[in-house]
Structure formats: structure tokens, C-alpha cells
Amino acid sequence: YVTMEQNSYTVNAGSSVKMKCTMTNVSPIDIVWIYYVPGTGTTKTIYFENNYLNGLKDKFLITLEFTNSTNLTTFLEIPFVEYNDSFYTYQCECNIYRKSICANNRPNAVATLLAITTTTSNKLKIYFKLKILIFKI
């Protein structure tokens, strides 16, 4: 009913990642994306009822694609992964307030993100320079 293409993603800090989730018998308004903050037990809703929440539109990009008459694929993209995004768990689920089957079963799929750095990568140096410039403005 709800599946993620992968259950974990490892990417370089400063690069992008795109997570894929496929759902069956849902409409676009039924898609919910949330994430879990590691070590805190807190969650934040990214996308709910076709809207970005919690000021997260600048951090994430959600796209949808019908793969056939019953399957809807949704993508969560993080265009610029930061090192502190490591170990966040992202969850794709069905809107329990819109579909009774979702309320009864709470189908979902999760993936964990690991952002890595390398000492030889120029990407990381550029990333830190950009962060400093952003804070100075």
C-alpha cells in the first residue's frame, strides 16, 4: 500500500537527495510527508493536504506522479543536504483524516538519511563558505 524505494540514503553534505514513495488507491490530497528529529522523539510535518507546513517549503520539494490508475508516486527532494540532516527519518504516509482505511491501518514507509563529509571534497568547503555568507547578509 505504501512503499519507499530505499530504506536509507547516504549522500554528501552539500548535494541533493530525492526519496521516492509509492502509494496505492490514494489521491494527491492523501499524501503526507513528515520527519523525525533524531534523539528527541519529535516530528515535524513537511507536507499535508497539498501544502507545505512549518515553513519547510524552502528546504524541501515535493512532487507527485501517477504511475498508473491506482498508483501514485511522490518524491521528497532535499536540494541541499546539510550535515546536521544526518539520521533524520523521513516518513511517507496516507492522510488518516481523509481516508478511513488509513486511519485503521496507518500505512507508512520510512527512510533514514545519512549526510557524510570528506576532507578532500571541495563541496564541503564551498558549503561552509556559503553558510558564512548567508549569515553575514
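## Aromatic cluster and a disulfide

Let's start with Tyr-35, which counts as buried at 8% relative accessibility (buried is under 20% relative accessible area, exposed over 50% and partly exposed in between, using a 1.4 Å probe and protein chains only). Keep in mind that this is a predicted model, where local features need pLDDT of at least 70, side-chain atom pairs count only at pLDDT 80 or more, and totals for chains, interfaces and linings take in all residues. Residue numbers start from 1 along each chain as its sequence is written, and side-chain values rest on heavy atoms, leaving out hydrogens and water.

**Overall build**

- The protein's secondary structure adds up to two helices and 10 strands (DSSP runs numbered from the N terminus: helices are H or I with at least four residues, strands are E with at least two).
- Reading from the N terminus, the order of elements is β-β-β-β-β-β-β-β-β-α-β-α.
- Out of 137 residues in the protein, 37% count as buried.
- Among contacts with a separation of 6 or more, 59% come from residues 24 or more positions apart (a contact is heavy atoms within 4.5 Å).
- About 8000 Å² of the protein is exposed, with carbon and sulfur atoms supplying 53% of that (areas come from the Shrake-Rupley method with a 1.4 Å probe, and for residues only the protein chains shown count as cover).

**Aromatic rings**

- The count of aromatic pairs comes to six (rings of Phe, Tyr and Trp, the last by its six-membered ring, pair if their centres lie within 6.5 Å; planes under 30 degrees apart are stacked, over 60 edge-to-face, and the rest tilted).
- One of them is Tyr-35 with Phe-60, a tilted pair at 6.0 Å centre to centre with 40° between the planes.
- That pair links distant parts of the chain, 25 residues apart: Tyr-35 is in strand E4 (residues 31-36), while Phe-60 is in the loop between strand E6 (51-52) and strand E7 (61-66).
- Phe-60 is buried too, at 3% relative accessibility.
- Tyr-35 also makes a tilted pair with Tyr-90, at 5.8 Å centre to centre and 45° between the planes.
- Here the link spans 55 residues, from Tyr-35 in strand E4 to Tyr-90 in strand E9.
- Tyr-90 comes out at 0% relative accessibility, so Tyr-90 counts as buried.
- Put Tyr-88 into the picture and you have one aromatic cluster of Tyr-35, Phe-60, Tyr-88 and Tyr-90.

**The disulfide**

- Searching the whole structure turns up one disulfide (a pair of cysteine sulfur atoms within 2.5 Å).
- Cys-21 and Cys-92 are the partners, with an S to S distance of 2.2 Å.
- The pair ties together parts that are 71 residues apart in sequence, because Cys-21 lies in strand E3 (residues 17-24) and Cys-92 in strand E9 (residues 89-94).
- The torsion about the S-S bond of Cys-21 and Cys-92 is about -80°, so this disulfide is left-handed.
- Cys-21 is buried with a relative accessible area of 0%, and Cys-92 is buried with a relative accessible area of 0%.

**Around Lys-18**

- Lys-18 lies in strand E3 and, at 44% relative accessibility, counts as partly exposed.
- Leaving aside residues up to four places away in sequence, Lys-18 touches Tyr-9, Thr-63, Phe-75, Leu-76 and Glu-77.
- Lys-18 and Glu-77 are 59 residues apart along the chain, yet their C-alpha atoms are separated by 4.2 Å.
- The charged end of Lys-18 sits over the ring of Phe-75, 4.9 Å from the ring centre (the rule asks for NZ of Lys or CZ of Arg within 6 Å of the ring centre and within 35 degrees of the ring normal).
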